[in-house]
Amino acid sequence: MDWLMVLGVLAVILPSLYLYTVGVVSTRFPNLQNKRICLLIAHPDDEAMFFAPSVLALTRPETGNHVKILCLSSGNADGLGDVRKRELAKSGLVLGLRKEDDVFVVENPDFPDSMTNTWDSSKISSLLCAAFAPQLAKSRANNSAPTASIDVLITFDAGGVSSHPNHISLYHGAKSFIEELVAGRSGFKSPVDLYTLTTVPLVRKYSGFLDVVATLASWALGTDMSDKKHPRGLVFMNGAGKGGVLTAWKAMTTAHKSQMQWFRYGWITLSRYMYMNDLKLVKVKGP
């Protein structure tokens, strides 16, 4: 009976402490404001399964941000590419994007949806340059500062969260893109900040909101707070109710219906990525 009482108390206290922490993080931690932001993903549903806390936080009207999603495949491994593209657009709106046109899906044989295929980082970089820095060659010839149509690029880190080769490829391609922006021009800084989603060990990955302690400790110990315009680390956490974890769940269950097999319910319930994201600023230099 004593154990049941302890568990009952913890069932009340732990969620309450988490929700209090959500309030502290959302009001006192570094954030991005008035930025043109692109979330770079590999497959439809990545935005909801992995990045929902970031998208929900960054699309809040008071931030002044304009968030877009660029997906490099339609997720057509099972022949559902057209369905999944529509699902991605619907999910984006649930998560706060302004309009369906803010979701772009690339159909290119160079980027097949595959658990075994690694995408060419140079091709990803070239695509990003064409999309966001079409004047790069001209500015390089004039020895002028590089420009881009986005301020922030967000994607997976080198671990890809799930070790998926397509996710990992995005990290290397995005990094190559940032390097290309400043290649051969030591006096200029990249006009685009690259943030990557931190991959955590398996136990933490499935610890749900309880991972808040480890996440905040890692952020506090590893984040340099000296540059407030370009925060070295960002933490976004979902609260309860509308605009929080329930909205993240809704993006999966009502938008990505074709993907909601039994194990997905386990993911959206237990994965810490449905509750929190910690992003790190990647510092790169030109090749």
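**Exercise 1. In what order do the seven strands of the open sheet lie, and is the pairing mixed or not?**

Solution. Note that the model is predicted.
- Step 1: Read across the sheet. The order is β3-β2-β1-β4-β5-β7-β6.
- Step 2: Check the pairing. It is mixed.
- Step 3: Find the edges. β3 (103-105) and β6 (233-237) each pair on one side only.
- Step 4: Look at the twist. Neighbouring strands are turned by 25° against each other on average, with direction ignored.

**Exercise 2. Work out how strand β4 is joined to strand β5****.**

Solution.
- Step 1: Locate the strands. β4 covers residues 152-156, and β5 covers residues 193-197.
- Step 2: Compare directions. The two run parallel.
- Step 3: Count the links. Five bridges join them.
- Step 4: Pick out a facing pair. T196 in β5 stands opposite T155.

**Exercise 3. Which strands does helix α8 lie across, and which does helix α10 touch?**

Solution.
- Step 1: Take α8, residues 165-182. This helix lies across β1 (36-41), β4, β5 and β7 (276-282). Its angle to β4 is about 150°.
- Step 2: Take α10, residues 212-222. This helix packs on the sheet and touches β6 and β7. Its direction makes about 160° with that of β6.

**Exercise 4. Describe the largest nonpolar core and the surroundings of L70****.**

Solution.
- Step 1: Start with the membership. The core holds 79 residues.
- Step 2: Name the residues that touch the most other members. They are F51, L70, L72, L128, L153, I154 and F177.
- Step 3: Ask which element gives the largest share. That is α8, with six residues.
- Step 4: Zoom in on L70. Setting aside neighbours within four places in sequence, L70 contacts C38, L39, L40, I41, F104, V106, L127, L128 and F132.
- Step 5: Add the general background. Nonpolar side chains tend to be buried together in soluble globular proteins.

Definitions and conventions. Residues numbered from 1 in each chain as written. Predicted model: local features only at pLDDT ≥ 70, side-chain atom pairs only at ≥ 80, totals over all residues. Heavy atoms only, no water. Pairing = 2+ DSSP bridges. Helix = DSSP H or I, 4+ residues; strand = E, 2+ residues; numbered from the N terminus. Axes fitted to C-alpha atoms, helices over the stretch in contact; angles between N-to-C directions. Contact = heavy atoms within 4.5 Å. Core = buried A, V, L, I, M, F, W, Y, C linked by side-chain atoms within 4.5 Å. Buried < 20%, exposed > 50% of the residue type's maximum accessible area, 1.4 Å probe, protein only.
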